[in-house]
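Got the viewer open and a selection box ready? Let's walk through this one stop at a time, picking something and looking at what is there.

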Amino acid sequence: MDLFVIPLLKILIVLNATLVGVTYMVLLERKVIAWAQSRLGPMRVGPYGILQPIADAVKLMLKEDITPARADRWVFTAAPIIAMVPALIVYAVIPFGDKATLFGREITLYITDINVGLLYIVSVASVGVYGIILAGYASNSKYPLLASLRASAQLISYEVAVTLTLVSVILVAGSLSMVQIVRAQESAGWWFVFVQPLAFAIFFIGGLAETNRAPFDMPEAEQELTGGFHTEYSGMRFALFFLAEYANMIVVSSVATTLFLGGWLRPFPGVSALSFLDIIPGWTWFLVKSFVFLYIFIWVRATLPRYRYDQLMRIGWKVLIPLAIVNLVVTGIIKVMLL
Amino acid sequence: MITPTHYMLLSAALFIIGVIGVMVRRNIIIIFMSIELILNAVNINLVAFSAQLHNAVGQVFAIFVIAVAAAEAAVGLGIILAFYRNKETVNIDEMNLMRW
Amino acid sequence: MGEAIAFYTLSFFILVFAVLVVTTKDTVHSVLFLVLDFLFVAALYALLGAPFLAAIQVLVYAGGIVVLYLFVVMLVNLKRPPEAHEDPHRRTRFGYALSVAVLVELGVVAAYSHAIPAPVLAGARSVIPVSGNTEEVGWLLYTSYLIPFEIASMLLLVAMIGAIVLAKREL
């Protein structure tokens, strides 16, 4: 019972919550960008446009599924799946909270806690690049191929900077396990964003680039590349790419929350004067912090103009990676001096 | 009971498949990928013995093998690209500029 | 029991995908089978109690090296099939026969050594003051095997410079 049923229930709850959340992210993005541009966004479908994602989902499911003439059929079908699966399986190691007591049992609010959790997240993210490369290749058409090569080059470049910042966090926390990193923040009394501010900034900018979000969304910029690597996709397959992008956004927000903002901890967990905030359960703090990150993602998209591709690669290789290496070296030196 | 001998047989089979790939195929990229299969066979052997002897040295050497494989893949693919730019082929039977 | 099922399933898939890598005509499909092969090998490492190495295998091999292969395959996308030119000196069937012979020989050696129980190696078990697989590998890498570690990092630096120089259009 404990070995199979409870994890299975947790997986079901997390997956369903993710998919619903991803669908409503679309609505949130349209609304927030609309408000930033002094208009109202979707208002017709349901009160204040609440039912818009359902209308979108029904529309995309009913659209015709077109496969280009000489496209590689197996790879063409597999590419959206390969793009979506890594975004979903990362949730296995993200801790939403500490223990909770339900029906007399004490269950942990994370699906599992492997002792190489952070490395698992990075390796799964590096497999997620395949969805983009294969989508462009399988479409057998010039614009998607160029766009996919550009997008995957961008992804693997920013992966290096992001991984280096994660190594700094691991140095400070002393463990690769996600739950242990949150516990380290609890025992240190400070969120790691105060201990490693530069790593946090680099992680966030790298996360923007990893999920192909503005201002780094040149590979899917409609004006330049007619839709990028998902040009030839229609119907549910296109929806999968779209949802995979938003799922990746939620993953980056969750990982940033866990690593830098204390996961399920309340603000300033070491200051006992603020312990009246403990009545708010841990998973609520987690959701609020992740939501703040998601809002910042959308806010940045509404505000900043797009980087050109060579500027984008220059930032990734010549600015972020040296800064991440310097951060790592300084962290290592301070850690050795304090021991 | 899975003994290290089982892992050795798996490793030997993977090795031989890699060697067949190197010998039989003419596309040089497939030959490179068969070399990666050979390196993976060696890694499986190392890690299996590391698990039997409860000593992590096997895994340390497997990490070195992976690092060397990465370096070799980068340089090898650079050579392939440079050659392709000159001769427009990836068939090793046609890469015979140095033959008499 | 569970370990046996896992081992036989994983090794079946590893060997099947390896054969598919070597025999597929389309190069892109061959690369994709290679990725799947590496993912199953990573699962085998996790079965063997090496989770750090499994994650490194996925991160470096499946997520880095094979992406590089995929890039090169797409850049070298040829119009005519590359298997067109056949070297008359090539002896393919002899190569197959030799490989099968070597495999049988390796199998015989393995079965022979399996029948003889191995002597217990007294000093094999490591004495390292940390627990946990990642910590153990890290301890070994930074104390006993520090020099090979530094040489490996220099090798990677040289390979990086070499790859950049080789792939440039003009120096």
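What follows is a tour of a predicted model, going from whole chains down to single residues.

**Stop 1: chain C on its own**

Select chain C and hide the rest. What you get is 6 helices and 0 strands, so to speak in a row: the pattern along the sequence is α-α-α-α-α-α. Of its 171 residues, 30% are buried. Now look at how the chain folds back on itself: among contacts between residues at least 6 apart in sequence, 47% join residues at least 24 apart.

Next, colour C:1-78 and C:128-171 separately. These are domain 1 and domain 2 of chain C. Put a centre on each, using C-alpha atoms, and the two centres are separated by 22 Å.

**Stop 2: chain B against chain C**

Bring chain B back. Which chains share the most contacts among the 2 pairs that touch? Chains B and C do. On the chain B side 62 residues take part, and they meet 68 residues of chain C. To see where the chain B side comes from, select helix H1 (4-24), helix H2 (28-53) and helix H3 (57-87) of chain B, the elements that give two or more residues to it. H3(B) supplies the largest share, with 22 residues. Colour that side by class and you'll find 44 nonpolar, 13 polar and 5 charged residues.

While you're on chain B, click B:His54. This residue is in the loop between H2 and H3 of chain B. Its phi is near 55 degrees, a positive value in a residue other than glycine. Is B:His54 buried or exposed? Exposed, because there are 11 other C-beta atoms within 10 Å of B:His54, and 12 or fewer is the cut-off for that label.

**Stop 3: chain A against chain C**

Now show chain A. Chain A and chain B do not touch, and their nearest C-alpha atoms are 15 Å apart. The contact of chain A with chain C takes 16 residues from chain A and 15 residues from chain C. For the chain A side, select helix H4 (117-127) and helix H5 (129-138) of chain A, the elements giving two or more residues. H4(A) has the largest share, 6 residues. By class, the chain A side comes out as 13 nonpolar and 3 polar residues, with no charged ones.

**Stop 4: a hairpin in chain A**

Zoom to A:99-108. Strand E1 (residues 99-102) and strand E2 (residues 105-108) of chain A run antiparallel and are joined by 4 bridges. They form a hairpin with 2 residues between them. Find A:Leu102, which stands opposite A:Arg105 in E2(A). In the turn, check the backbone of A:Phe103: its phi is positive, about 50 degrees.

Another positive phi in chain A is worth a click. A:Ser38 has a phi near 60 degrees and isn't a glycine. A:Ser38 is in the loop between helix H1 (5-36) and helix H2 (52-62) of chain A. A:Ser38 counts as exposed because it has 6 C-beta neighbours inside 10 Å.

**Stop 5: two helices crossing in chain A**

Two packed helices are described by the angle between their axes and the distance between the axes. Try that on helix H9 (residues 197-210) and helix H13 (residues 309-338) of chain A: their axes come within 10 Å and cross at roughly 145 degrees. The crossing of H9(A) past H13(A) is left-handed. For sticks, pick A:Leu198, A:Ala199, A:Ile202, A:Ile205, A:Gly206 and A:Ala209 from H9(A), then A:Gly316, A:Leu320, A:Leu323, A:Ala324 and A:Asn327 from H13(A); these residues make the contact. That set has 8 nonpolar, 3 polar and no charged residues.

**Stop 6: A:Thr165**

Keep those sticks on and add A:Thr165, in helix H6 (residues 142-173) of chain A. Leaving out residues up to four places away in sequence, A:Thr165 touches A:Ala199, A:Ile202, A:Phe203, A:Ala324 and A:Asn327. Of these, A:Ala199 and A:Ile202 belong to the H9(A) side of the crossing, and A:Ala324 and A:Asn327 to the H13(A) side.

Is A:Thr165 buried or exposed? Buried, because 28 other C-beta atoms lie within 10 Å of A:Thr165, and the label needs 20 or more. As a last pick, draw a distance from A:Thr165 to A:Ile325: 160 residues separate them along the chain, while their C-alpha atoms are 8.1 Å apart.

Definitions and conventions:
Residues numbered from 1 in each chain as written. Chains lettered and ligands numbered in written order. Predicted model: local features only at pLDDT ≥ 70, side-chain atom pairs only at ≥ 80, totals over all residues. Contact = placed C-beta atoms within 7 Å. Nonpolar A, V, L, I, M, F, W, Y, C, P; charged D, E, K, R; others polar. Pairing = 2+ DSSP bridges. Domains from an automatic or database assignment. Axes fitted to C-alpha atoms, helices over the stretch in contact; angles between N-to-C directions. Left-handed = near helix turned anticlockwise from the far one by under 90°.
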